[in-house]
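Subject: Structure for you to look at

Hello,

Here is the structure I said I would pass on. Please open it before you read the notes underneath.

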Amino acid sequence: MRSVYIVLSALFVMGLAVWAYKENYATQEVLREVSQIQRDIGHQQEELAVLRAEWAYLNRPSRLRDLAELNFDRLGLLPLLPEQFGDVTSVAFPVEEDILMELDNPVSVVGSLEAIVQ
Amino acid sequence: MSMRTPLRPLARILKARSSGENPDTIERENLRLRHEEMRDTTRLRAEGRLLVLGLCFVSAFVVVGLRMGQVAASNPEEPQAVTTGTSILAQRADIVDRNGRILATNRTTHSLYAQPQEMIDPLYAAKELAKIFPDLNEEKLIKDFTGTRKFLWIKRQIAPEQQQAVHDIGDPGLLFGPRESRLYPNGKLASHILGGTKFGREGVMSAEIVGQSGIERYSDEYLRDPANGHKPLQLSLDLSVQSTMREVLFGGMHLLNAKGAAAVLMDVHTGEIVSMVSLPDFDPNGRPTFAGQNAADNPRFNRAVQGVYELGSTFKIFAAAQAMELGIMTPDTLIPATPPFKWGKHSIREFEGHNYGPMLSLTGMIVKSSNVATAHVAQQIGVTRQKAFLDSLGFLDATPVELTEASGAKPLLPPNWSELSTITIGFGHGLSASPLHLATAYSSLLNGGTRVTPTLIKHQGPIRLGPRVVRPEVSAASRAMLRAVVAEGTASFGDVRGYQVGGKTGTADKPRENGKGYYDDKVITTFASVFPADEPKYVLIVTMDEAVETSGPKPRRTAGWTAVPVAAEVIRRVAPILGIRPDVETLALGQ
């Protein structure tokens, strides 16, 4: 009985050793991966910063103003002025046609009524 | 294991008995021998155990000792799992406007240095370098490369194309070090606010960026803190408004042949500076050096914050407001206005010798901009109360705005605040303050009467009201007076349809640099305005230095002809961008 215990515990210890060995290498592998990913993130962020700086540079107000002036024929952009504000009541809305009057079959009537309820 | 010896061996016992000896002695001796044997084996076992235990301890101590030695001898190093590849980047936080648009960011460039002992062909390298960088001297480079120096900087910062050209020389002694440099993508826009940066301590692999002026220097600690690398500093500025205001002011300055101009646009309730322009300006990407005599001519000089001027008649509203606050007067109280106002040997007259007498109402005094009437009002207020009131509006200290230059720009106060000083300060002479002081004071007075603190940092959370300066009714009455100035007074050009502009003009002669009196033909004109007057949102201050309007037969220098039209155009262009709807009814009525 006792020797069975000894053999079992020896096997258990060996199993643990194998597990620890594997874990060790797996950890190292993951650490390598993490540092690689961190490096990639670093590069990506660097790129992002460059792109953002470039975006800001290309969208600088003086350049946009010059572009708007150069392309006035096509775009017709003017500075925002108070006269461009309007009142909602002065906007002409499209005249809505009465859908219900045009219906002739019952199926569409059901569908349209739902839409109206909503 | 040896055979166990019996304690009473029969042979010896019988023998002893026959010889008449005590057989018990044999037993005792055998017992003793057996005990001795047992003791020896036990001791041996115990010694063995002690040895094993001792070995265990020794090896444990050896392991600990070795590890300690190893730790002590090795270089300190971050544990690998925590290192980030991002630590080099974003050393300095970005600066963005109130909508998150970038005002200052970083870019990676390279520095160029040389290790002459590694060089293969120093003469060729020097020749080629001088070709790439025209500002380098070939002879000097040759001297450096062939001398005893082991290391020298060639260029602090080079462009990618230049780097490629240096690569093409192909000399192993020419090396690059990474450099982060500050980039201001909008060029001259908001240059005085941003300030600029320079390199601090330098190494081969990196260099410190330190703020040199403006908010870069004021907030240097925040910007440099690595914990804030991804949290940009958000300013209260609006890039679109800033751009528009600069454009209009620049045009106005050139049209009116002004030497300089400044404008401040402030949110009346929060004290946030939405836009602040000072002209002439500079490009913070390459800060210019200035060798002139007069500091005010330096393009880096921020007129809106550092320029302290006598702001002229724009001060009259403070006298009127204080008189109303103290309960001495109402807008309709009549004040004597017959010139001259005599005080001792001094006499005070109106601009261009006008006479608005014999009596003017308080509103009339502001609308006509009467010096004489203001002098009467200021005299009634008195020295102590005027000083306390101007202090509550922030005129006695430097502005607390987040710029390094601000703390140095203290207002110039009369050395001895006499009754005469009180009278002249009433109409804006004898006390010099910056346009930003004026913007703060106008905001505090007109927003309903609570003190605001000027700030360049975007406001977060609910608005906290400052200490009360005047009653809300006084604030409303002051706004009505300012509205009347634009509707029927000296600032009629300032009326922008639909925006209910209210404001006060100010024209002050420039003091001579030698300190003796004033120039006759050089003025600082100021227009301090609020819009919309009935429900105030923004205060705009426009100041022009030596502006002159020459369309008429005689050059006109008053604020009504110079600062006011420029301010009106600023409001017309900027208010829609700020999302303020014009009052459509008055807009339609006007058309």
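A residue is called buried here if 20 or more other C-beta atoms lie within 10 Å of its own. By that rule, buried residues make up 44% of the 591 residues in chain B. Keep in mind that this is a predicted model.

On the overall form: chain B has 18 helices and 18 strands. Its radius of gyration is 42 Å, well over the 25 Å that the globule rule gives for 591 residues, so chain B is more spread out than a compact globule. The C-alpha trace of chain B spans about 165 × 75 × 55 Å along its principal axes. Of the contacts in chain B with a separation of 6 or more, 69% are between residues 24 or more positions apart.

On the interior: the largest nonpolar core has 129 residues. Within it, A263(B), A320(B), V570(B) and I571(B) have the most contacts. Helix α17 of chain B, residues 563–577, gives nine residues, the largest share of this core. Where does the core sit? Domain 1 (95–135 + 150–234) and domain 2 (241–590) of chain B both give residues to this core, so it lies between them.

Apart from this core lies another, of 10 residues, including L112(B), A125(B), A126(B) and F145(B).

To follow one residue by eye, try I571(B). Leaving out residues up to four places away in sequence, I571(B) touches V496(B), Y499(B), V501(B), F531(B) and L540(B).

Regards

Conventions:
Residues are numbered from 1 along each chain as its sequence is written. Chains are lettered from A and ligands numbered from 1 in the order in which they are written. This is a predicted model: local features need pLDDT of at least 70, side-chain atom pairs count only at pLDDT 80 or more; totals for chains, interfaces and linings use all residues. A nonpolar core is a set of buried Ala, Val, Leu, Ile, Met, Phe, Trp, Tyr and Cys residues joined through C-beta atoms within 7 Å. A residue is buried if 20 or more other C-beta atoms lie within 10 Å of its own, exposed if 12 or fewer, and partly exposed in between; C-beta atoms are placed from the backbone. Helices (H or I, at least four residues) and strands (E, at least two) are DSSP runs, numbered from the N terminus. Domain bounds come from an automatic or database domain assignment. Two residues are in contact if their C-beta atoms, placed from the backbone, lie within 7 Å. The radius of gyration is taken over C-alpha atoms; the globule rule is 2.2 Å times the number of residues to the power 0.38.
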